[in-house]
Amino acid sequence: MNRFILSIVLIFVSTFLSFGQVEIKANPLGLVLKNIDIGAEYGISQNIGLGLQPIIDFDRIRLFGETYKSARFGAILQGKYYFIPKKRIDNIYGMLYLKPIAGNYALENIYSINAVKISMGIGFGYKFVSTNHIVFESNFGYGRALFNKAYPKIATIDLSTYPYINYDFILSVMMGYRF
């Protein structure tokens, strides 16, 4: 029975992938900054692509003799519309994005805050695909937080009362390969 279910799932996935284009991309600058910044995009049609970009960040900053650590996990879900595609899902595009993210921010085991933020926004970008299927892409997006809360050990802090914390930006420059 398990082999039957596995074969059905494999047939479904291979059929789904055969009708569209799949791209795997990475941000080379993100690897230098200790951020694992990879992404994938699936082309539904000539003009529409769906993207997924996981967020995995680990930062350690030393300021004024204190060490601050953070770990964030989340994803950026993107819906892209390509205005004048030349090779399917390439050239100039507009996008909508949804960005759920959760993180922990700590000060040398003295103070720790868990935070959750869900943002939504719009953006634009440009993608170039070479004849060897190498992809170069850059985009910029701006949005607002729909939900933004911090949970320290003392009490819950509603960050939506602070207007500048609720802005959200995405900026990426990525290289990858189209299958």
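This report walks through the fold, the strand pairing, some buried residues and the hollow spaces of one protein model.

## Ground rules

The model is predicted, and local features need pLDDT of at least 70, side-chain atom pairs count only at pLDDT 80 or more, and totals for chains, interfaces and linings use all residues. Residues are numbered from 1 along each chain as its sequence is written, and side-chain values use heavy atoms, with hydrogens and water left out.

## Overall layout

The protein has two helices and ten strands. Here helices (H or I, at least four residues) and strands (E, at least two) are DSSP runs, numbered from the N terminus. Read from that end, the order is α-β-α-β-β-β-β-β-β-β-β-β.

How much of the protein is buried? Buried residues make up 36% of its 179 residues. Buried means under 20% relative accessible area, exposed means over 50%, and partly exposed lies in between (1.4 Å probe, protein chains only).

Contacts also span the sequence. A contact means heavy atoms within 4.5 Å. Among contacts with a separation of 6 or more, 57% join residues 24 or more positions apart.

## How the strands pair

Two strands pair if DSSP finds at least two bridges between them. The table lists four antiparallel pairs.

| Strand pair | Bridges | One pair of opposite residues |
|---|---|---|
| β1 (residues 22-26) and β3 (residues 38-43) | five | isoleucine 24 and alanine 40 |
| β1 and β10 (residues 167-178) | four | isoleucine 24 and tyrosine 177 |
| β7 (residues 111-129) and β8 (residues 134-152) | 17 | phenylalanine 128 and phenylalanine 136 |
| β8 and β10 | eleven | arginine 144 and tyrosine 167 |

Start with β1. It pairs with β3 and also with β10. Isoleucine 24 has alanine 40 as its bridge partner in β3. Isoleucine 24 also stands opposite tyrosine 177 in β10.

Now follow β8. This strand is joined to β7 by 17 bridges and to β10 by eleven. β7 and β8 form a hairpin, with four residues between them. Histidine 133 sits in that turn and has a positive phi of about 70°.

In a regular strand the side chains alternate between the two faces of the sheet.

## A buried asparagine in β8

Asparagine 139 belongs to β8. Is asparagine 139 buried or exposed? Asparagine 139 counts as buried because its relative accessible area is 6%.

Its side chain makes polar contacts. A polar contact is a pair of N or O atoms within 3.5 Å; within protein, one must be able to donate a hydrogen and the other to accept it, and residues adjacent in sequence count only if both atoms are side-chain atoms. One such contact reaches the side chain of tyrosine 93, at 3.2 Å. Another reaches the side chain of serine 172, at 2.7 Å.

Leaving aside neighbours within four places in sequence, asparagine 139 touches several other residues, including Gln78, Lys80, Met95, Phe124 and Ile170.

## Two positive phi angles

Isoleucine 89 lies in the loop between β5 (66-82) and β6 (91-107). Its phi is near 35°, a positive value in a residue other than glycine. Isoleucine 89 counts as buried because its relative accessibility is 1%.

Asparagine 91 lies in β6. It is not a glycine either, yet its phi is positive, at about 85°. Asparagine 91 is buried, with a relative accessible area of 11%.

## Hollow spaces

On a 1 Å grid over the protein atoms alone, a cavity is a set of points where a 1.4 Å probe fits but cannot get out, and a pocket is an open set with protein on both sides within 12 Å along at least five of seven lines; lining residues have an atom within 4 Å of a point. Grid points are joined across faces, edges and corners, and a volume is the space filled by probe spheres set on the points.

How many cavities of 30 Å³ or more does the structure hold? It holds one. The largest cavity has about 60 Å³ of space. Its lining includes Ala40, Gln78, Lys80 and Asn139. β3, β4 (48-63), β5 and β8 each supply at least two lining residues.

The largest pocket has a volume of about 430 Å³. It is lined by 21 residues, and Asn27, Asn35, Asp37, Gln53 and Leu171 are the closest to its centre. β10 gives the largest share of this lining, five residues.
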